Amino acid sequence: MLRAIYPGSFDPVTYGHCDIIQRSCKIVDELIVGVLNNKAKMPLFSVEERVKMLKEVTGSLPNVRIVPFDGLLVDFAFRMDARLIIRGLRAITDFEYELQMSQTNHKLEPKVETMFLTTSIQYSYLSSTTVREIAAFGGDLSQFVPEAVAVELKKKMNTKGECNHEQPH
Ligand code: ADP
């Protein structure tokens, strides 16, 4: 039984993430999408919201589970009884960070290996950061995220807008 972890912030999940999930769940028996609960990062969506969106967009994939985590990734992998980490590589700019991460994780826990899937060309430019920026300016999100995520992004931007317009007392 080959179980792998695909970790990330997924703030929010994009078609680039979905592509990596769909491709890797064909390679392994079970794929656990680990949603990082890193409060220091000040995410746009709470971990609960990110988990909910991921569950919605992966609902048709029977061997995919969505699990939030904090702390060290290798500890999470061990808790989940997984020895394989999957990461996506977009461009050379991802490489240095990913190399450092995978080598550090291997030092911390030599039983855990990292495997990289290169991005599908049509998503090589796509990141959650870009998506959040487009959403902030009210742009069309249909090419970048599933419909359910676009809806949540619009709601989030509206509530943020309302907060920003609140007058100080
Ligand atoms: P992190 O916050 O750790 O950078 P992300 O949520 O941005 O995590 O991404 C999780 C993983 O998905 C990373 O391995 C990242 O390289 C990969 N990824 C993100 N966007 C894409 C994309 N468009 N194509 C392929 N892989 C991607």
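Let's start at Glu109, which lies in the loop between helix 4 and strand 5, the strand that runs over residues 113-118. Keep in mind that we are looking at a predicted model. Is Glu109 buried or exposed? With a relative accessible area of 19%, Glu109 counts as buried, because the cut-off for that word is under 20%. You can also look across from here to Phe78: the two residues are 31 apart along the chain, and their C-alpha atoms are separated by 9.3 Å.

Now over to another glutamate, Glu30, in strand 2, which covers residues 30-36. Glu30 is buried as well, and its relative accessible area is 14%. What does its side chain meet? There is a polar contact of 2.9 Å between the side chains of Glu30 and Arg65, so if you have the structure open, try drawing that pair. 

Next, please find helix 1, residues 15-24. Seven of its 10 residues are buried, so helix 1 is largely enclosed by the rest of the structure. Which residues of helix 1 are buried? They are Gly16, His17, Cys18, Asp19, Ile20, Ile21 and Ser24. The N-terminal end of helix 1 has a cap, and the residue that provides it is Thr14. A side-chain oxygen of Thr14 sits 3.1 Å from the backbone nitrogen of Gly16.

His17, one of those buried residues, takes us to the ligand. A polar atom in the His17 side chain is 3.2 Å from a ligand oxygen. Two backbones join in. Gly88 has a polar backbone atom 2.6 Å from an oxygen atom of the ligand. Tyr123 places a backbone N or O atom 2.8 Å from a nitrogen atom of the ligand. How much of the ligand does the protein cover? On its own, the ligand has 550 Å² of accessible area, and the protein covers 90% of that.

Let's step back and look at the whole site. The ligand takes up the space of the largest pocket. Which elements give two or more residues to the shell around the ligand? Those are strand 1 (3-8), helix 1 (15-24), strand 4 (84-89) and helix 4 (92-108). In total, 17 residues surround the ligand, and the closest are Tyr6, Ser9, Phe10, Gly88 and Tyr123. If you sort the shell by class, you get six nonpolar, six polar and five charged residues.

That's my tour; thanks for listening, and I'm happy to go back to any part of it.

Definitions and conventions. Residues are numbered from 1 along each chain as its sequence is written. This is a predicted model: local features need pLDDT of at least 70, side-chain atom pairs count only at pLDDT 80 or more; totals for chains, interfaces and linings use all residues. Side-chain values use heavy atoms; hydrogens and water are left out. A residue is near a molecule or strand if one of its heavy atoms lies within 4 Å of it. A polar contact is a pair of N or O atoms within 3.5 Å; within protein, one must be able to donate a hydrogen and the other to accept it, and residues adjacent in sequence count only if both atoms are side-chain atoms. Accessible areas come from the Shrake-Rupley method with a 1.4 Å probe; for residues, only the protein chains shown count as cover. On a 1 Å grid over the protein atoms alone, a cavity is a set of points where a 1.4 Å probe fits but cannot get out, and a pocket is an open set with protein on both sides within 12 Å along at least five of seven lines; lining residues have an atom within 4 Å of a point. A molecule sits in a cavity or pocket if more than half of its atoms lie within 2 Å of its grid points. Helices (H or I, at least four residues) and strands (E, at least two) are DSSP runs, numbered from the N terminus. Ala, Val, Leu, Ile, Met, Phe, Trp, Tyr, Cys and Pro count as nonpolar, Asp, Glu, Lys and Arg as charged, and the others, Gly among them, as polar. Buried means under 20% relative accessible area, exposed over 50%, partly exposed in between (1.4 Å probe, protein chains only).
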